[in-house]
Amino acid sequence: MPIYEFRCVQCGNIQELIQTSSSEEVEMKCDECQAETFERVLSAVSYAMGSSSGGGDSSPSATTRTCAPGKSCTTLQLPGHSR
């Protein structure tokens, strides 16, 4: 079951929604201010990986760049197989 995070546009409160079915309709209200306007936010991810015997760098890294005026985009580089 996916867990989605949403930010209330009115007060900034972040809350989670667990969706049990893709056809399920959910009515959301902010737990803090009772507003009904939300924007979806990118959830933080936690992961664990085993060590590799290849001797390469096995640390994740992030690169942030400007992708539009006043906006930034972040790319995560995760260790593992590459093409």
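This is a short walk through the sheet, the salt bridges and the cysteines of the structure above.

A word on confidence before we set off: the model is predicted, and the protein chain averages a pLDDT of 78, with 76% of the residues scoring at least 70. Among the elements of the chain, strand 3 has the highest mean pLDDT, at 89, while strand 5 (residues 71-77) has the lowest, at 83.

Let's begin with the sheet. Here 3 strands come together as an open sheet with antiparallel pairing, in the order 2-1-3. Strand 2 (14-18) and strand 3 (38-41) are the edge strands, each pairing on one side only. On average, neighbouring strands of this sheet are turned by 40 degrees against each other, direction ignored. If you follow strand 1 (residues 3-8) alongside strand 3, you will find the two running antiparallel and joined by 4 bridges. One place to look is Cys-8, whose bridge partner in strand 3 is Phe-38.

The side chains add another link between these two strands. Arg-7 forms a salt bridge with Glu-39, and their closest N and O atoms are 3.0 Å apart. This pair ties together distant parts of the chain, since Arg-7 lies in strand 1 and Glu-39 in strand 3, 32 residues apart. Arg-7 is partly exposed, with a relative accessible area of 31%, and Glu-39 is also partly exposed, at 38%. The count of salt bridges comes to 2; Glu-36 and Lys-29 also meet in one, at 3.8 Å from N to O. Lys-29 is partly exposed as well, with 40% relative accessibility.

Now for the cysteines. The structure holds 1 disulfide, formed by Cys-67 and Cys-73, whose sulfur atoms are 2.1 Å apart. Their link is right-handed, with 80 degrees about the S-S bond. Cys-67 counts as partly exposed at 35% relative accessibility, and so does Cys-73 at 25%.

Why does Cys-8 not bond to the closest cysteine sulfur, in Cys-33? The sulfur of Cys-8 is 3.6 Å from that of Cys-33, which is too far for a bond, because a disulfide calls for sulfur atoms within 2.5 Å. Cys-33 is accordingly in no disulfide, the nearest cysteine sulfur being that of Cys-8. The surroundings of these two residues are worth a look too: Cys-8 is buried, with a relative accessible area of 1%, whereas Cys-33 is partly exposed at 29%.

Terms used
Residues are numbered from 1 along each chain as its sequence is written. Side-chain values use heavy atoms; hydrogens and water are left out. Two strands pair if DSSP finds at least two bridges between them. Axes are lines fitted to C-alpha atoms, for helices over the stretch in contact, and angles run from 0 to 180 degrees between N-to-C directions. pLDDT is the predictor's confidence in each residue, from 0 to 100. A salt bridge is a side-chain nitrogen of Lys or Arg within 4 Å of a carboxyl oxygen of Asp or Glu. Buried means under 20% relative accessible area, exposed over 50%, partly exposed in between (1.4 Å probe, protein chains only).
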